[in-house]
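Please examine the burial of the aromatic side chains and the way in which they pair and pack. The explanation below proceeds from individual rings to the cores and then to the chain as a whole.

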Amino acid sequence: MRPSINTVCLVTLTIIISLVALHQARDLIAPVLSALLLGIVMTPLSDFWDKLRIPAAIAASLSVLVAIAVIFALLLVLEPYISQAISQGPVIREELRATVDELRRLLRGLEQISNDMAAAIEPNGSGSSEEEPMALPSLTDALFYAPQFLAQFLIFTGTLYFFLLARNAVYDWLSENIAALAKSDLRRAASQVSRYVLTISAINLSFGALVTVVMQLIGMPTPVVWGLLAFVLNFVLYLGPAILIAMLTVTGIVVFDGAASFLPPALYIAMNATEAQFVTPTLVGKSLAVNPLLVFLSLVFWLWLWGPIGGIIAIPLLIWTLTVMKGFGEQAAVPADNKAAL
């Protein structure tokens, strides 16, 4: 039976309104959804507390403290390298300006394009040799964004704590009120997401360490920064590596001369291709394999909707959704099999 035009219009309007609501309420929904996914990823830790028979409230508090400690530890580790990279911004800009000047001499027939490139790189649009320091957020900017950040952090922390506290109760309620959804499906979906994220994190950490060593050997400045970028951006499939390739290409042109300028991106492409084609498929396994088209579309959608946060949660959310839908299909197939047997 074909759906009526009213049904099609109603579904279309519902989708549009839902997208607008998700976009407008991203400051509220993004930390909530991120906390729920992190709680799912921490399923092995929650199960560990359960085996030790630790009370639910204490176990949830311990898990939240572990998550916050890991987040702040990463920030403390990243901060000096980020500051170092920012401090080198004027030097890189000056080197890039010199490269543009060289291109201007080689491409005299394209003076207008060269002038536009130089004007885009010049901090004040003039040819002055004086270098202005890169602008950093002021105290006023920090005070302006502090309440918003604090509110999102409290929403994230509160959601994570109460989800970990009532995880089993939530699973019971969903399985009781959704006939096609069993508690085992939710636990299996949580296990799949947790396994994927932990495996990918270990792979990306090793990959970032390898990038650091390689960049150190070829003489790239701040090799640790490149390793950290490789580690973080590798979570955003396709788009993350493409961004890092562009950054390595620009920096290689600034730092090296001649064909050696393309050595950093070439080495990174070779390492990334090896990791993506051989290492990750071997360690992740077929049970977590996802259609590449779905992965790409999910990344594009969530990046468009919520930016970097959307890119990070896109793949875990896709795996959770596909696992739950697989459970739906298995539950729907059981009655049909029973009827066929009768």
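In this predicted model, phenylalanine 231 has a relative accessibility of 18% and therefore counts as buried, because the cut-off for burial is under 20% relative accessible area. Phenylalanine 235, with a relative accessible area of 24%, is partly exposed. The rings of phenylalanine 231 and phenylalanine 235 form an edge-to-face aromatic pair, with 5.4 Å from centre to centre and 85 degrees between the planes. Phenylalanine 301 and tryptophan 302 also form an edge-to-face pair, at 5.1 Å centre to centre and with 80 degrees between the planes. Here phenylalanine 301 is partly exposed, its relative accessible area being 28%, whereas tryptophan 302 counts as buried at 12% relative accessibility. The structure holds nine aromatic pairs.

The pair of Phe301 and Trp302 belongs to a wider arrangement: together with Trp304 and Trp306, these residues form one aromatic cluster. Trp302 and Trp306 also appear, alongside Tyr196, as the residues with the most contacts inside the largest nonpolar core, which has 30 residues. Four helices each supply at least two residues of this core, namely α2 (26-41), α9 (183-217), α13 (292-306) and α14 (308-341). Of the contributing elements, α9 gives the most, with eight residues.

What does tryptophan 302 touch, when residues up to four places away in sequence are not counted? Its contacts are Leu33, Gly307, Gly310, Gly311, Ile313, Ala314 and Leu317. Leu33 falls within the range of α2 (26-41), while Gly310, Gly311, Ile313, Ala314 and Leu317 fall within that of α14 (308-341). A second, separate core has 14 residues, and Trp226, Leu233, Leu244 and Leu248 are among them.

These cores are set in a chain whose secondary structure comes to 14 helices and zero strands. Read from the N terminus, every element in the order is accordingly written as α. Of the 342 residues of the chain, 31% count as buried. Among contacts between residues at least 6 apart in sequence, 70% join residues at least 24 apart. The accessible surface of the chain comes to about 20700 Å², and 72% of this area belongs to carbon and sulfur atoms.

Conventions: Residues numbered from 1 in each chain as written. Heavy atoms only, no water. Phe/Tyr/Trp six-rings, centres within 6.5 Å; stacked < 30°, edge-to-face > 60°. Buried < 20%, exposed > 50% of the residue type's maximum accessible area, 1.4 Å probe, protein only. Core = buried A, V, L, I, M, F, W, Y, C linked by side-chain atoms within 4.5 Å. Contact = heavy atoms within 4.5 Å. Areas by Shrake-Rupley, 256 points an atom, 1.4 Å probe, with all protein chains shown as cover.
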